[in-house]
Amino acid sequence: ISIIQQDKKISQCVIFFFSSRRRHTRCSGVSWARRCVQETGLEDEELIDYIGESRVLSKSLSEYNEQKGVAINSAKRLSEFLGQDVIQGKGLNCHFIISKRPFGAAVNERVIPISIFSTDDVVKKKFLRKWLKEPNLQDFDMKSILDWDYYIERLGNTIQKLIVIPAALQSVSNPVPEVKPPESVSYTHLTLPTIYSVQISVVAV
């Protein structure tokens with residue numbers, strides 16, 4: 001984070017995020033989410049690289065019985081269109097996104113296996129309509145299905161933990177004013193003076 005006052009650098013540090021999926025990723029605060037929301041040219045594959053989630057089942061799906069969870073529901077939905085034989089055994093890697101529909105449903109009920117978007121159109125439309133509980137759904141674009149509020153909130157929580165709270169504990173003005181600190185944290189300087197500019201570079205390696 002570089003804080004600059006009238007073109008004079010005051011302090012600087014670099015924050016590293018370690019990811020096994022992307023080696024070189026840069027974003028500027030919450031503008032990353034805005035870029036995605038505004039659909040500025042991100043292909044689905046690149047979008048999946050940013051926000052797709054993966055969980056590995058430690059047991060076979062049948063052993064979970066009536067348990068609920070995003071990974072379990074993702075595995076169940078995989079079995080619906082790929083068949084039970086494909087998901088047998090332990091160690092199933094569930095790769096999924098979270099949709100905004102059905103509205104008001106729990107997160108685990110809005111999980112969508114990513115592989116559905118690369119399957120046959122007829123199959124994709126059939127199961128997306130079923131899972132989203134929208135029998136007349138016509139827009140099957142991933143960007144319109146995603147729960148953007150869910151992902152923006154997750155990004156904000158991460159920025160809060162890694163940047164905003166540590167800054168507050170050191171009596172430093174909030175480097176990311178768009179992300180507020182939790183009420184439990186005493187923060188006397190919520191915004192930077194107008195003469196300051198903030199540059200935030202996040203690098204995933």
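Start by selecting helix α3, residues 70-82, and look at what packs over its buried residues: the cover includes β4 (53-56), β5 (93-98), β6 (111-113) and α4. Here buried means under 20% relative accessible area, exposed means over 50%, and partly exposed lies in between (1.4 Å probe, protein chains only). Helices (H or I, at least four residues) and strands (E, at least two) are DSSP runs, numbered from the N terminus.

Before you go on, know that this is a predicted model, in which local features need pLDDT of at least 70 and side-chain atom pairs count only at pLDDT 80 or more, while totals for chains, interfaces and linings use all residues. Residues are numbered from 1 along each chain as its sequence is written, and side-chain values use heavy atoms, with hydrogens and water left out.

**Stop 1: along α3**

How many of the 13 residues of α3 are buried? The count is 10, so the helix is mostly covered. Try colouring some of them, including Val70, Ile72, Leu78 and Phe81. Arg77 is also one of the buried residues. From its first C-alpha to its last, α3 reaches 18 Å, close to the 18 Å expected at 1.5 Å a residue; the expected span is 1.5 Å times one less than the number of residues. Just after the helix, click on Gly83, whose phi is positive, near 100°.

**Stop 2: from α3 to α4**

Now show the side chains of Glu80 and Lys130. They form a salt bridge, with the closest N and O atoms 2.8 Å apart. A salt bridge is a side-chain nitrogen of Lys or Arg within 4 Å of a carboxyl oxygen of Asp or Glu. This pair links distant parts of the chain, since Glu80 sits in α3 and Lys130 in helix α4 (residues 121-132), 50 residues apart. Glu80 is partly exposed at 33% relative accessibility, and Lys130 is partly exposed too, at 48%.

**Stop 3: inside α4**

Stay on α4 and select Asp121 and Lys124, whose side chains meet in a salt bridge (3.5 Å, N to O). The two are 3 residues apart in the helix, which separates them by about one helical turn. An α-helix has 3.6 residues a turn, so residues three or four places apart point the same way. Is Lys124 buried or exposed? Lys124 counts as buried, at 13% relative accessibility, whereas Asp121 is partly exposed at 45%.

**Stop 4: α2 meets α5**

Next, find Lys143 and Asp44. Their closest N and O atoms are 3.3 Å apart, and they form a salt bridge. Lys143 belongs to helix α5 (residues 142-145) and Asp44 to helix α2 (residues 44-51), so this pair ties together parts that are 99 residues apart in sequence. Lys143 is buried, with 11% relative accessibility, while Asp44 is partly exposed at 25%.

**Stop 5: a network**

Select Glu53, Arg55 and Arg154 together: a network of salt bridges links them. In total, the structure holds 7 salt bridges.

**Stop 6: zoom out**

Finally, show the whole chain as a cartoon. You can pick out 6 helices and 8 strands, in the order β-β-β-α-α-β-α-β-β-α-α-α-β-β along the sequence. Of the 205 residues, 44% count as buried. Among contacts (heavy atoms within 4.5 Å) between residues at least 6 apart in sequence, 57% join residues at least 24 apart.
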